[in-house]
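Me: I would like to learn how the words used for a protein model are earned. Could you take me through some of them?

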Amino acid sequence: MLTHLSIKNMAIIESLQLDLQPGMTVLTGETGAGKSIIIDAISLLIGDRASTDLIRHHEDMAVVEGIFEVEANDGLKKMLGDLDIEMDGQIVIKRTIRRATNGQIRVNGQLVTASHLRQIGAQLIDIHVQHDTHRLFSPEFNYEVLDNMAIDDSLRELNKEYAEALQSFIKSRQDYLDYRKNSEEVQARLDLIQFQKNELEKANLKIGELDELEKRRSVISNSDKLHSSLTSILQLVNDEGGALEQLYDALHLTTAMQALDPALGEAVTTINDIYYGLEEYAGTISHQLGSLSYEPEELEALDARISVLQQLKRKYRMEVEEIISYYEKISSELAQVEDGEHYGQSLVQKVKETNKHLLHVGERLNEARKSIAGQIKTSLIRELADLQLSNSQFDVQFTRQKNENILTGTYYNHGLYDIQFLLSTNKGEPLKPLHKVASGGELSRVMLALKTILNRGQLISTIIFDEIDTGVSGLVASSIGSKMLEIAKTKQILCITHLPQVASLARQHIHVSKYEKANRTVTRVKELDLHERTLEIARMLSGEDITESAMENARQLLHA
């Protein structure tokens with residue numbers, strides 16, 4: 001549950017600190033005082049998009065922070081663990097919005113993205129805003145309702161399996177369509193790439209060949225200079241009086257002196273290493289000198305081969321390695337054309353197999369949803385009766401999507417069937433889609449009934465209703481309040497309301513007002529005591545001129 005909320009410099013809120021209790025909390029106050037801004041701030045804490053428009057005028061940034069007391073489920077634990085976020089029964093979310101730079105989101109001090117925050121927030125709070133009833137008209141909402149009703153992970157696993165089957169089918173279909181398109185294009189330029197393939201095949205290109213050829217050519221071209229230099233080196237080392245002979249004499253003398261002075265042992269070792277090292281060096285120079293011999297035709301052959309490679313580079317406007325890759329590509333294309341019928345048939349077979357698997361999983365998913373739909377029908381009718389819609393009938397309609405051509409048909413992420421909620425609120429009237437039959441007040445009650453059913457098994461501990469009671473009054477208002485109070489037995493409920501019948505049922509009553517400070521409008525919140533609650537509910541009953549009758553009615557509501 002959300003235990004503490006802090007808001008700074010957001011819209012008309014300068015600074016706000018709010019401690020929230022378990023059970024049902026109501027926010028009341030005049031329109032425009034800032035109640036919905038508080039809900040917007042909470043929405044930011046669970047991943048809603050942030051805008052600099054939310055920052056208070058003349059301020060550089062806005063900050064929202066919330067403290068949640070939670071019992072982590074396995075999904076939340078894994079999610080936080082993957083993000084290296086530590087949690088010991090508490091989650092602190094802090095969101096900063098800045099004008100000049102990017103905002104910042106921290107969960108228990110750890111930086112996270114807005115996407116990660118949405119995943120975390122979905123485990124913490126469910127928010128129903130004032131116009132959220134329009135979601136009842138969205139097909140996606142219908143799937144969400146059914147899938148969230150599952151008491152185990154079976155539907156989640158089926159949805160995952162369906163998504164994987166759909167991706168596999170889409171890929172196989174696209175592979176075939178790409179092949180068919182490529183085959184047509186390859187056929188049109190078959191003569192060209194066949195010529196290129198033959199030309200490159202004849203050239204027999206090798207990676208790194210050009211560099212090796214140019215190095216060898218450089219050696220041959222400079223062989224006279226190399227021969228002269230290497231010969232001179234050998235003369236300096238090997239000739240009479242050369243380096244080797246002088247080193248030998250030095251080695252002989254040092255060895256002789258070691259007998260007189262044993263401390264020269266290390267010097268003997270050093271001169272010995274130098275002598276034999278130089279001897280090895282002379283051998284290497286001698287071998288290199290011997291390898292300088294070449295046939296005159298070799299230079300011509302090198303020039304010819306280098307010329308071929310340079311011509312290919314200019315012609316194809318590629319490096320040799322890129323030409324080799326291009327050769328492999330066109331060879332593959334030609335192989336597909338040459339074996340096109342067999343290859344195309346294998347791709348068509350893959351499309352058929354993945355489509356068959358997709359339809360199988362899709363039917364299983366739909367059967368599971370149908371089973372849950374039967375449970376929802378019974379529960380929803382009972383909940384609607386509690387909300388003064390006792391003659392209601394409700395049904396869930398499943399319509400198979402038509403996809404006659406698997407190569408051009410559209411397959412949806414949510415399944416093979418369109419799902420529509422049907423409702424009748426008056427006795428004797430036929431079932432119709434929600435948008436054709438329900439008024440605003442009825443839609444609010446349908447949504448509340450669905451929320452009641454959905455949240456019984458949900459691990460979410462906080463539910464927020466932003467004026468869900470709009471458009472109702474009297475007995476219906478009392479029923480809505482009672483239904484929220486029922487949910488509040490197991491969940492924390494935060495509700496914005498203008499109805500005294502609803503406000504009177506709350507455990508905690510927070511009044512939101514606005515006042516002027518330094519010629520600016522500022523929001524103020526106050527938790528009301530019993531006397532203040534009585535006055536506020538009386539004002540909600542009779543307006544600003546509070547009568548004794550309104551006060552008495554308020555007392556009766558609070559003690560009912």
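Me: What makes the pair Asp395 and Lys377 a salt bridge?

Reply: Good place to begin! This is a predicted model, where local features need pLDDT of at least 70, side-chain atom pairs count only at pLDDT 80 or more, and totals for chains, interfaces and linings use all residues. Residues are numbered from 1 along each chain as its sequence is written, and side-chain values use heavy atoms, with hydrogens and water left out. A salt bridge is a side-chain nitrogen of Lys or Arg within 4 Å of a carboxyl oxygen of Asp or Glu. For Asp395 and Lys377 the N to O value is 3.1 Å, so the pair fits that definition.

Me: Why is this pair said to tie parts of the chain together?

Reply: Asp395 belongs to strand E9 (residues 393-400) and Lys377 to helix H13 (residues 340-386), so the pair links parts that are 18 residues apart in sequence. Helices (H or I, at least four residues) and strands (E, at least two) are DSSP runs, numbered from the N terminus.

Me: How do you know that Lys315 and Glu199 also form a salt bridge?

Reply: Their side chains meet at 2.9 Å, N to O, so they pass the cut-off too. Lys315 sits in helix H11 (residues 296-316) and Glu199 in helix H6 (residues 190-203), so here the parts tied together are 116 residues apart in sequence. In total the structure holds 20 salt bridges.

Me: What makes Glu548 exposed and Arg555 partly exposed?

Reply: Buried means under 20% relative accessible area, exposed over 50%, and partly exposed in between (1.4 Å probe, protein chains only). Glu548 has 55%, so it counts as exposed. Arg555 has 32%, so it counts as partly exposed. The two side chains meet in a salt bridge (3.3 Å, N to O). Salt bridges can also share partners: Glu383, Asp386, Lys483 and Glu486 are joined into one network that way.

Me: Why is Thr425 called buried?

Reply: Thr425 has a relative accessibility of 7%, so it counts as buried. Its place is in the loop between strand E10 (417-424) and strand E11 (432-433). Leaving aside residues up to four places away in sequence, Thr425 touches Leu389, Asn391, Ser392 and Glu442; a contact means heavy atoms within 4.5 Å.

Me: Why is helix H1 said to be largely enclosed?

Reply: Nine of the 11 residues of helix H1 (residues 35-45) are buried, so the rest of the structure largely encloses this helix. Among the buried ones are Lys35, Ile37 and Leu45. After H1 comes Gly47, whose phi is positive, near 110 degrees.

Me: What makes Asp211, Glu212, Glu214, Glu321 and Glu322 a negative patch?

Reply: Asp and Glu count as negative. Patches take residues with over 30% relative accessible area and no salt bridge, and like charges are joined within 9 Å. Those five residues form a negative surface patch, and the elements giving two or more residues to this patch are helix H7 (209-221) and helix H12 (320-338). H7 gives the most, with three residues.

Me: How do you know that Asp211 is open enough to belong to a patch?

Reply: Asp211, found in helix H7, has a relative accessible area of 48%, so it is partly exposed. That value is over 30%, so Asp211 meets the area condition for a patch.

Technical notes: Patches are made of residues with over 30% relative accessible area and no salt bridge: like charges are joined within 9 Å, nonpolar side chains (Val, Leu, Ile, Met, Phe, Trp, Tyr) within 5 Å. Accessible areas come from the Shrake-Rupley method with a 1.4 Å probe; for residues, only the protein chains shown count as cover. The place of a charge is taken as NZ of Lys, CZ of Arg, CG of Asp or CD of Glu.
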